[in-house]
Amino acid sequence: MLKKLLGALALSLTCTLALASEGGAHLDRAPDRITDLAALQNGAKLFVNYCLNCHSANSMRYNKLMDLGLSEDEIKKNLLFSREKVGDLMTISMTPADAKKWFGAAPPDLSVIARAKNANFGPSGVDYIYTYLRTFYRDSSKKTGWNNVVFPSVGMPNVLWELEGPRSFTEIAVHQVADAQGNEHWERTTTVYDADGIPTAKSEPLKDYTGEASHVTRFDSADAKTFSKFESDVADLSNFLGWMAEPGQLERKQIGVWVMLFLFLFLFVAIRMNAAYWKHVR
């Protein structure tokens with residue numbers, strides 16, 4: 001029985017690591033601001049202004065934001081723009097049918113998106129969102145005019161483009177190609193998408209190349225200060241989505257510490273009791 005349990009555990013770990021390695025693009029680690037109320041309040045504001053038009057949060061009520069230090073009047077003044085009440089759920093007026101018609105698929109509900117994107121023994125869902133929102137680039141070949149490194153050919157446009165500012169995107173791929181005779185050789189292809197999404201590609205053969213295939217991406221921002229502020233806003237938004245996925249996570253972690261301390265104390269007492277009970281028997 002023990003061997004079966006150990007085998008199942010080993011198999012689950014192997015599958016988890018395999019799935020984590022299939023994530024494609026590298027995910028950057030998001031700044032940890034889950035305890036920063038000011039950052040979470042800014043994230044809530046960004047979410048309502050930029051995300052809630054297409055994405056719902058059907059498991060979250062506006063008045064739950066009071067846990068972030070916002071008053072009911074502040075929520076009404078800054079986060080409610082139509083007939084919603086403070087106790088209402090964060091729903092949207094767009095129907096799934098219209099969403100599928102306009103975007104090809106209905107935008108997902110974001111209530112627990114951060115938990116859904118978690119990878120065991122790998123990047124968190126907040127890391128995924130943080131990287132995803134920062135890797136949009138203009139691509140004139142796409143219907144929306146945008147593409148994404150983490151989610152190629154995504155149907156969602158870059159809703160934060162005004163905060164991001166203009167920037168270009170460079171993609172460098174080293175790969176094998178075959179000539180007319182079927183002989184394979186290594187080639188480096190550099191594709192640059194300018195701020196308007198117009199691509200320029202250049203390929204060059206690599207003689208005597210002994211390495212492996214590689215894929216490197218780079219962004220160049222026209223205004224470093226603007227992009228730095230944008231990255232901070234994305235970090236706030238990502239952490240807010242992480243908080244929204246489990247508003248009670250901080251309390252859960254605090255309780256967990258006390259539970260572990262109790263268990264260790266109980267273990268010590270149990271060991272001492274066991275030794276005292278069996279002392280005369282031995």
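Is Asp220 buried, exposed or partly exposed, and at what relative accessibility? Let's work through this and two more exercises together.

This is a predicted model, in which local features need pLDDT of at least 70, side-chain atom pairs count only at pLDDT 80 or more, and totals for chains, interfaces and linings use all residues. Residues are numbered from 1 along each chain as its sequence is written, and side-chain values use heavy atoms, with hydrogens and water left out.

**Exercise 1. Place Asp220 and its partner on the accessibility scale.**

Step 1: Take the cut-offs: buried is under 20% relative accessible area, exposed is over 50%, and partly exposed is in between (1.4 Å probe, protein chains only).

Step 2: Asp220 has 33% relative accessibility, so Asp220 counts as partly exposed.

Step 3: Now find the partner. Asp220 forms a salt bridge with Arg218 at 3.4 Å, N to O; the rule asks for a side-chain nitrogen of Lys or Arg within 4 Å of a carboxyl oxygen of Asp or Glu. Arg218, at 41%, is partly exposed too.

**Exercise 2. Examine the salt bridges of Lys64 and Asp233.**

Step 1: The side chain of Lys64 meets that of Asp67 at 2.8 Å, N to O. Lys64 is partly exposed at 32%, and Asp67 is partly exposed at 46%.

Step 2: Asp233 pairs with Lys229 at 2.9 Å, N to O. Both sit in helix H8 (residues 224-245), 4 residues apart, about one turn of the helix; helices (H or I, at least four residues) and strands (E, at least two) are DSSP runs, numbered from the N terminus.

Step 3: Check the burial of Asp233: with 8% relative accessibility, Asp233 counts as buried. Elsewhere, Asp28, Arg134 and Glu231 are joined into one network by salt bridges that share partners.

Step 4: The total by this rule is 10 salt bridges.

**Exercise 3. Describe the lining of the largest pocket.**

Step 1: On a 1 Å grid over the protein atoms alone, a pocket is an open set of points where a 1.4 Å probe fits, with protein on both sides within 12 Å along at least five of seven lines; lining residues have an atom within 4 Å of a point.

Step 2: Count the lining: there are 24 residues, and His55, Pro108, Tyr132, Val154 and Met156 lie nearest the centre.

Step 3: Trace the helices. H2 (37-51) and H6 (125-134) each supply at least two lining residues, and H6 gives the largest share, 4 residues.
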